[in-house]
Amino acid sequence: MVEPIALWNHGNTPKVRGFLAYFLAVSSVAIAAAFFFSDESQNHSLKNILSSSRRVWPKLELNWRSVVATIVGFLGSAFGTVGGVGGGGIFVPMLNLVVGFDTKSAAALSKCMIMGASMSSVWYNLQVTHPTKEAPILDYKLALLFQPMLMLGITIGVELSVIFPFWLITILIIVLFIGTSSRSFFKGIQMWKQETILKREIQEQEEQAKVCSVVIEADCQEPLLSQPELIQKTGLETFLSNLRWKGILILMLVWSSFLVLQILKNNSQVCSNFYWVVNFLQVPIAFSVFAWEAVTLWKESRARRMSGNWECICEASIEWTGMQIAFCAFCGLLGGTVGGLLGSGGGFILGPLLLELGVIPQVASATATFVMMFSSSLSVVEFYFLHRFPIPYALYLISVSVLAGFWGQCLVRKLVKFLGRASIIVFILSSVIFASAVTMGFVGTAQSIKMINNHEYMGFLDFCKR
């Protein structure tokens, strides 16, 4: 009998706690520095900053900028959706520096690209069987657990982006992305080693079977790749088996609730009583759905343990306790907050987190992309009503991302099957996050140096004066 590996047990305990301590310590120092720079005597600089924030929408035409945007957007969408991280950390600098959009419009168009790529990836994944067992490729239980907290976090991130200075956002994102990319990279190395051992054992068993004419049963450890004894299904049977209408309806209900509240908030006066009431109504909606799913997971996990059944109730290979549930809530909020600050779908946290929870790469990628589809589409609809992006450019970039999502999923899935190594998905995830850290670091450093040279205001901004 093999017990599930708890997130806070054994080797993961110091690593996860060390990562959280590293991020919180650096974040605290950076925020304290922002308070130091906050000075009421520099309000004239603040007014200049706000007045200089104007909308810049380049025309959609064939030139070197649009060609570069197409290539970078295609590759970023393809590999971003495979890793389950979206690629917003690459799209925003590209749209801002290369194409020439202002920062807010670039973030809105980045959401459009993430939405297009995630939708096509979800459609592709619905036609793919689970690699190891008879179950949906999408983990609806984990999606229901993380989606409401991710959407609430995105709201928090958007609000913080109004008051946080640009250099502080840059530091927080770089620190977080370097940490998550490093964790994912070492997780990929660990999986690569496990796959090498597993492939060697299978090869030895095949050789012994040829010699002794005896088929030796494979190790009971769950492999990362599909096994030949799984029942072959038609495309329609696979598609229907991957659908769970109850989970989809609940996710759509949460999505619709947040959309209505966001529209009401955006059509109200900033900092008015109605504005704050609508804003805080998102908290009970998110926590009620999260708490309902968390209690369900905890009860099912507890009932199975008491009966001596250590089979996991979802794809996560952990024991659902109060500590794990609180950790998932924190990471969901953190992922959404980063998405709101950056203009991404929150996958930069959710993708690595699912791997930490023991979800195999194929399911982690599909589930993270599924959740991002809801969060990014919510932002796109909201930005549409706010007229944050030009429709022609948005439609073009969405079409590029849709094609890239299909291409990326198809290519990498075939590559994983051919090489017999699912860890490739983890290395792609790590690479996209690291590339986002580099691009965001470059843009943020250049912008911060420019602000310092111009003696611009470097502290917190006034939330209600915008």
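**A short tour, cysteines to helix to loop**

Start with the cysteines: there are zero disulfides in this structure. Select Cys328 to see one that is unpaired: the nearest cysteine sulfur belongs to Cys331 and sits 6.7 Å away, while a disulfide needs the two sulfur atoms within 2.5 Å. Keep in mind as you click around that this is a predicted model.

Stay on Cys328 for a moment. Is it buried or exposed? Its relative accessibility is 1%, so it counts as buried, the cut-off being under 20%. Now hop over to Cys410, which comes out at 26% and therefore counts as partly exposed.

Next, select residues 322–342, which make up helix α12. How far apart are its end C-alpha atoms? They are 30 Å apart, and that agrees with the 30 Å you'd expect for 21 residues at 1.5 Å a residue. Turn on the surroundings too: 16 of the 21 residues of α12 are buried, so the rest of the structure largely encloses this helix.

Last stop: Asp139. Look for it in the loop between α5 (103–125) and α6 (140–163). With a relative accessible area of 6%, Asp139 is buried. Show its side chain and check what it reaches. The backbone nitrogen of Lys141 is 3.1 Å from the Asp139 side chain, and the backbone nitrogen of Leu142 also lies 3.1 Å from a polar atom of that side chain.

Before you leave, add Ala368 to the selection. Along the chain, Asp139 and Ala368 are 229 residues apart, yet their C-alpha atoms are separated by 9.3 Å.

Definitions and conventions
Residues numbered from 1 in each chain as written. Predicted model: local features only at pLDDT ≥ 70, side-chain atom pairs only at ≥ 80, totals over all residues. Heavy atoms only, no water. Helix = DSSP H or I, 4+ residues; strand = E, 2+ residues; numbered from the N terminus. Expected span 1.5 Å × (residues − 1). Buried < 20%, exposed > 50% of the residue type's maximum accessible area, 1.4 Å probe, protein only. Polar contact = N/O pair within 3.5 Å; in protein donor to acceptor, adjacent residues only side chain to side chain.
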